[in-house]
Amino acid sequence: MSVQAVLDEIRNRPGTGTVVPVIDPSTEEQITEFTDCGPEAIDEAVANAKATAESGVWSGLPDYDRAKVLWRIADLIDENAAILSELESLNGGIPPGQADIITKVGSEWFRYYAGWCTKIDGIARDINAGGLTGVESHQHVYTLREPYDVVGLIFPWNGPVFNFCAKLAPSLAAGCSSVVKPAEETPLSALVLDRILTEAGVPEGVVNLVNGLGHTAGAAITAHPDVDKVAFTGSTEVGREIVRSSAGSNLNKVTLELGGKSPVVIFDDADLNMAIPMASFGTFIHSGQACVCGSRIFAQRGVYEQVVEGMANMANTMQLGGPHEEGTVIGPLISQKQLTRVLGYLDQGRSDGAELVTGGHRLDRKGYFVHPTVVTGVDPDRSRLFQEEIFGPIVTILPFDDEDEAIALANNSTYGLAATVWTENLGRAHRLAKRLKAGTVGLNCQMQFDHSMPFGGYKQSGWGYESGKAGIETYLQTKIVWAQM
């Protein structure tokens, strides 16, 4: 399948709603368009998924057979890695090397969860309730782990191959049928992945790809009475809307991987030769468009000036450009809407008296490029730059004196997705790991990930966990069976 074939296919998919342009964020040029699928298409997709769930065409397969299909999906993703990576770069402005990594991680989701297909089990006990009732009574009690019938999988534009695979692999391993909606900004790679599913042997109707806007197609999925579970990755604002929508229909279950405003705490005994480059990479990568980006830096006063200077130097040397421009490290923001949002935050910061050490402006060229920006002098209680998720290449840096102050600053957020500590003091590192309110804490490392480890957030950064064993449990219900002996 060629890039042009994908562009033509998305344009020709049927729909009844708004025509949505698909833009190359590196050039601001429209590369194709699609039509919002409309409410009838959502009803049809949900009906297809429900029919396959009730028939057991997928959930009723032997575990080993489901595992073989997932493994075949992984192999086909690898075979189609070149086209998938090219679409990630074209549609998301991601440099090719980073797009290649995203694609490789995507295939490994299916290999990892293929192994879980044969390991879904419950517990069993023989119970004598006579001690409670005074009457001898023996039961054999066991639990069954059963898939949800229909799940809605809704994912964002920052790494669509990764996000597609992260949700679909455990859903399929559990035996669910699904309706899948990619972000309207980045719908292209999902078309290739959808074809891969068919070629690998996923029965028709088990996975139903729909294209549409969040407030139309996405909202219709979350409110649909026949959708039993919704798994969403995106902003906390949209997450709240999904919760309200799900509560208004059938109280369907919800897993949410939401926003972040992750702190990075750098002590004066840290290895700055590691901490500064990693903190810079961890906030500016993908132009800051990742939920785990460390966008709030706290540097102990003894190294504060070095950290500010070092991160400003990194911001000025990380090359911005289109995916196929030589030396590109950081690509553009995803859209004009996101560009306007990020520049608005910078204007607000200037009005509030923050100091922009470097950056703070759009590049004078085509594409939605914003220079990586280092900001100091913000008020941690009032500054929007400090408190709100910007999803842009902006980092605030504040000094601190001791552990207690560092914790107070780091935890001064409604978010709690990730956190990082840089220190050579092992005891201090583990003390802070306990006190930081975050779902993931890195000690002298940042942006770490493995398919086998759970991922989720505290506070307003989400509900539930993905990846690892927790990832497949997200798509399973527990039934308790009592048998009188």
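This dialogue reads the aromatic ring pairs and the burial of residues in one predicted model.

Trainee: What should I know about the model before I begin?

Mentor: The model is predicted, so local features need pLDDT of at least 70 and side-chain atom pairs count only at pLDDT 80 or more, while totals for chains, interfaces and linings use all residues. Residues are numbered from 1 along each chain as its sequence is written, and side-chain values use heavy atoms, with hydrogens and water left out.

Trainee: How many aromatic pairs are there by the ring rule?

Mentor: Rings of Phe, Tyr and Trp (its six-membered ring) pair if their centres lie within 6.5 Å, and planes under 30 degrees apart count as stacked, over 60 as edge-to-face and the rest as tilted. The count by this rule comes to 9 aromatic pairs. In one of them, the ring centres of Trp-109 and Phe-162 lie 5.6 Å apart with planes at 75 degrees, so the pair is edge-to-face.

Trainee: Are Trp-109 and Phe-162 buried or exposed?

Mentor: Buried means under 20% relative accessible area, exposed over 50%, and partly exposed in between (1.4 Å probe, protein chains only). Trp-109, at 3% relative accessibility, counts as buried, whereas Phe-162, at 25%, counts as partly exposed.

Trainee: What kind of pair do Trp-157 and Phe-391 form?

Mentor: Trp-157 and Phe-391 form an edge-to-face pair, with 5.5 Å from centre to centre and 80 degrees between the planes. Both Trp-157 and Phe-391 are buried.

Trainee: Which residues do ring pairs link into a cluster?

Mentor: The cluster linked by ring pairs holds Trp-109, Tyr-112, Tyr-113, Phe-162 and Phe-449.
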